[in-house]
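This report describes one protein chain, going from a surface loop to the overall fold and then to the interior. The sequence and structure come first.

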Amino acid sequence: MASGGTEAFPDLGKHCQHLDCHQLDFLPFTCDGCKQVFCVEHRSYKSHDCPKPDHNSRKVVVCEECSMSMEITNNARENEEAILKKHHTSGKCDPSKKKKPICPVKRCKEILTFSNTSTCKTCNIKVCLKHRFSADHACRRGDSASSLTSGDGNGSWKNRFMAALASRNNGQDCGKKAGSRSSTNSPPSTPSVKAY
């Protein structure tokens, strides 16, 4: 039995029910498989050779032909091979479903998975994480199509920005008109002060 405690505190702690241990443990562990009490050293299923180590476990069998996964419940007690045979004869096994999506970028062979997929916000193409930026997957086709269909004026904003950038590169200040006077040779308005 898992009785324990000391003479002064008989309800404090329990003895380990492992055959070779019987140590008094003040923080005992109850195995949820065999419902026995164990110390910290024998609390795992493997350390106390639990007869029901997989009572709460879930097991999944994956069909190699169609990549469909089927969960095996512990109550079913069916063999994996029997479940796969039943799956093949049921008509649900479709080998065409095994084809996994690949990144559409040229020369990229990355398989798109749940954690490796990114959807571009402008062209709505699913690409791998390496090509998630619009410059990496040639997103210009999506930009022109979305600006034509939406008509939100993004094209005129881009044109104004490019014109300001071009005028700035030509030596003009983008905030001033091309015809206005600019004092390029005048000294700065605040004199420089040197500290020694």
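## A surface loop and its patch

L27 sits in the loop that links β2 (24-25) to β3 (29-30). The model is a predicted one. The relative accessible area of L27 is 68%, and because the cut-off for exposed is over 50%, L27 counts as exposed.

L27 also takes part in a nonpolar surface patch of about 450 Å². The other residues that make this patch are F9, L12 and F26.

## Overall fold

The protein contains eight strands and three helices. Their order along the sequence is β-β-β-β-β-β-α-β-β-α-α.

The chain has 196 residues, and 19% of them count as buried. Its accessible surface is about 16200 Å², with 53% of that area belonging to carbon and sulfur atoms. Among contacts with a separation of 6 or more, 15% are between residues 24 or more positions apart.

## The β5-β6 hairpin

Strands β5 (residues 59-62) and β6 (residues 69-72) are paired in the antiparallel sense, with four bridges between them. In this pairing, K59 of β5 is placed opposite I72 of β6.

The two strands, β5 and β6, form a hairpin with six residues between them. In the turn, S67 has a positive phi of about 60 degrees.

## Nonpolar cores

Which residues make up the largest nonpolar core? There are seven: V61, C63, C66, M70, I72, I83 and C93. I72, the residue opposite K59, is thus a member of this core because the set of seven includes I72.

C63, another member of the core, touches M68, M70, L84, H87, H88 and C93 when residues up to four places away in sequence are not counted. Apart from the largest core lies another one, of six residues, including V105, L112, V127 and C128.

## H131 and its surroundings

H131 is found in the loop between β8 (126-128) and α2 (140-150). Is H131 buried or exposed? Its relative accessible area is 16%, and because buried means under 20%, H131 is buried.

Leaving out neighbours within four places in sequence, H131 has contacts with C103, V105, C108, D136 and H137. One of these, V105, belongs to the six-residue core. C103 lies 28 residues from H131 along the chain, and the C-alpha atoms of the two are separated by 8.5 Å.

Note on methods: Residues numbered from 1 in each chain as written. Predicted model: local features only at pLDDT ≥ 70, side-chain atom pairs only at ≥ 80, totals over all residues. Heavy atoms only, no water. Patch = residues over 30% accessible without salt bridge, like charges linked within 9 Å, V, L, I, M, F, W, Y side chains within 5 Å. Areas by Shrake-Rupley, 256 points an atom, 1.4 Å probe, with all protein chains shown as cover. Salt bridge = Lys/Arg side-chain N within 4 Å of Asp/Glu carboxyl O. Buried < 20%, exposed > 50% of the residue type's maximum accessible area, 1.4 Å probe, protein only. Pairing = 2+ DSSP bridges. Contact = heavy atoms within 4.5 Å. Core = buried A, V, L, I, M, F, W, Y, C linked by side-chain atoms within 4.5 Å.
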